[in-house]
Amino acid sequence: MANENAVAAGKPARRVTEVEQRGVERIPDDERTASPLDLFRLCFGGANTFSTAVLGAFPILFGLSFWQGLAATVSGLLIGSLVLCPMAVFGPVNGTNNAVSSSAHLGVHGRVVGSFLSLLTAVTFFAISVWSSGDALVGTANRLLGLPESVPSFAVAYALFAALVLVICLYGFRLMLLVNKIAVLAATAMFALGLLAFTTAFDPSYPGSFSGADSSGWWPAFVGSALIVLANPISFGAFLGDWSRYIPADTPRPRVVAAALFAQLATIVPFGFGLATATVIAVSAPRYLHGSAPNYVGGLLAVAPGWYFGPLCLIALIGGLSTGTTALYGTGLDFSSVFPRFSRVRATLFVGTLAIALIFVGRFGFDVVQSISTFAVLVVTCTAPWMVVMMLGYVTRRGWYDSEALQVFNRRQRGGRYWFRNGWNWRGLSAWLLSAAIALAFVNIPGQFVGPLGDLAGGTDISLPLSVVLSATLYLALLAVFPEPRDVFGPRGPRWVPTTDTPVPPIVSGNGSRT
């Protein structure tokens with residue numbers, strides 16, 4: 001679609017094998033040939049995977065019935081998608097990624113918070129995609145070919161898979177988009193085949209564990225299930241600008257928001273697959289879901305008919321490639337934005353190689369596979385208030401930004417509209433930091449991580465909704481009590497908040513000369 005748009009506009013089409021050179025600098029208008037449909041493909045492709053199906057199994061693991069689990073899944077998915085989708089507009093508006101755009105609300109230097117969160121999220125989900133897809137591939141090969149489930153087998157699967165993802169990311173946006181175009185159709189078709197594979201074994205009347213007299217833990221289980229689903233869309237918040245920055249600035253913003261919204265709503269496909277197959281496993285092979293370390297993948301292989309092993313293998317390969325590339329692609333952008341001397345390609349190679357090393361050390365050296373999912377929850381908990389600051393900042397600024405001032409950090413300059421106090425906007429930073437810290441204290445993941453205040457809600461993890469509400473309240477209050485300079489709001493002025501007449505320093509080079 002990106003190349004088709006370029007040809008239609010009379011611009012030379014770029015080959016998918018042409019290495020992308022653009023980093024976090026503003027993408028020139030004549031190179032911004034992507035469309036909202038391309039954004040849909042990247043967002044949906046990155047989530048239409050085996051990893052999402054694993055998350056879909058959690059309501060059953062928590063003891064809910066199928067219909068209760070479906071209600072929790074739909075609730076979490078709808079709320080999470082609505083929270084996420086406004087983050088898609090920053091890419092087309094500013095022509096750069098969301099971490100750079102956050103300079104407008106956290107300050108020229110404060111934007112490193114977004115880069116750091118994005119980097120952690122990307123490496124975490126890259127590791128999860130490699131591990132889950134590699135495990136599924138080895139497990140399928142064991143059932144089909146008798147391949148031993150040994151350390152060398154897993155090591156080879158992880159290495160080949162991770163290397164392939166890294167190569168795609170080095171080539172950049174267009175090859176990644178092509179992979180996701182294929183992944184959206186292929187993975188969805190393979191999940192649809194699952195309807196045939198498990199039709200006879202699936203029973204929608206599966207009762208769960210709370211059908212008897214003792215239902216005291218039902219509410220925490222329902223809320224916990226919904227929050228796990230809700231966290232999946234929010235985990236994409238730091239990445240949307242990576243993919244949408246190639247969309248033209250004059251694209252209607254509702255179309256961009258709708259692309260992100262419907263891409264996440266479409267993930268009901270893998271979530272529903274995980275939910276339905278988990279009920280089959282719970283009935284036919286319950287040993288895989290019991291104990292402190294449930295094995296959904298092993299259970300799925302145990303109950304799947306032999307002819308479905310091939311489609312399962314394709315889901316693991318195609319879906320994992322999609323998730324891995326959309327996650328790892330952002331690491332090069334964010335690392336090069338913090339260290340501008342690194343090009344996108346060099347930064348991607350450096351961080352990608354480091355991430356692959358961490359994957360092997362984490363899997364075979366310290367066995368942190370179970371802990372990585374907990375770490376992902378903690379990172380998402382910290383990302384949510386950052387997203388709220390960004391979205392409320394967009395609303396109060398009426399969607400107006402100074403693209404030159406956003407690039408001050410990358411160009412090693414000083415001053416500009418977003419300099420605030422020595423490059424830090426303490427209003428946005430304080431709202432994010434306080435909200436994230438308090439939310440972390442309320443995290444309740446039994447057996448993994450329970451914050452000091454995690455039991456105050458009766459065992460229910462309320463950290464994510466708390467971080468959203470708290471950050472919104474704090475940020476708007478700080479903007480009202482400590483107004484920002486009038487010049488950061490553009491020609492139409494602010495919405496909802498007052499301003500001051502504080503002068504904005506000019507943009508100067510690092511040695512003090514005016515640009």
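1. Starting with the enclosed space: the largest cavity comes to about 30 Å³. Keep in mind that this is a predicted model. With the threshold set at 30 Å³ or more, the count is 1 cavity.

2. Who lines that cavity? The residues are Val89, Pro92, Val93, Ala249, Thr251, Arg253 and Val256. By type, the lining of the largest cavity splits into 5 nonpolar, 1 polar and 1 charged. Helix 6 (90-94) and helix 14 (253-265) each put at least two residues into this lining.

3. On to the open space. The second largest pocket has a volume of about 350 Å³. Its lining counts 18 residues, and Val123, Thr124, Ala355, Leu358 and Ile372 are the ones nearest the centre. If you care about chemistry in there, the lining of the second largest pocket has 16 nonpolar residues, 2 polar and no charged.

4. Which helices build the wall of the second largest pocket? Helix 9 (112-145), helix 18 (344-365) and helix 19 (369-396) each bring at least two lining residues. Helix 18 gives the most, with 7 residues.

5. Two of those helices also pack on each other. The axes of helix 9 and helix 18 come within 10 Å, crossing at roughly 55 degrees. That angle is neither under 35 degrees nor in the 65 to 115 range, so helix 9 and helix 18 count as oblique to each other. Their crossing is right-handed.

6. Here's the contact itself: from helix 9 come Leu119, Val123, Phe126, Ala127, Val130 and Trp131, and they meet Val351, Ala355, Ile356, Ile359, Gly362 and Arg363 of helix 18. The tally for this contact of helix 9 with helix 18 is 10 nonpolar, 1 polar and 1 charged. Worth a look on screen: Val123 and Ala355 belong to this contact, and both are also listed among the residues nearest the centre of the second largest pocket.

7. A second helix pair is worth checking too. Helix 5 (residues 66-84) and helix 15 (residues 268-284) have axes that come within 11 Å and cross at roughly 160 degrees. Helix 5 is therefore roughly antiparallel to helix 15. The crossing of helix 5 with helix 15 is right-handed.

8. What makes the contact between helix 5 and helix 15? On the helix 5 side you'll find Phe66, Gly69, Leu70, Thr73, Val74 and Leu77, and helix 15 answers with Ile268, Phe271, Leu275, Ala276 and Thr279. Sorted by type, the residues of this contact of helix 5 with helix 15 are 8 nonpolar, 3 polar and no charged.

Notes: Residues numbered from 1 in each chain as written. Predicted model: local features only at pLDDT ≥ 70, side-chain atom pairs only at ≥ 80, totals over all residues. Heavy atoms only, no water. Axes fitted to C-alpha atoms, helices over the stretch in contact; angles between N-to-C directions. Helix = DSSP H or I, 4+ residues; strand = E, 2+ residues; numbered from the N terminus. Parallel < 35°, antiparallel > 145°, perpendicular 65-115°, else oblique. Left-handed = near helix turned anticlockwise from the far one by under 90°. Contact = heavy atoms within 4.5 Å. Nonpolar A, V, L, I, M, F, W, Y, C, P; charged D, E, K, R; others polar. 1 Å grid on protein atoms, 1.4 Å probe; cavity = no way out; pocket = protein on both sides within 12 Å on 5 of 7 lines; lining within 4 Å. Points joined across faces, edges and corners; volume = space filled by probe spheres on them.
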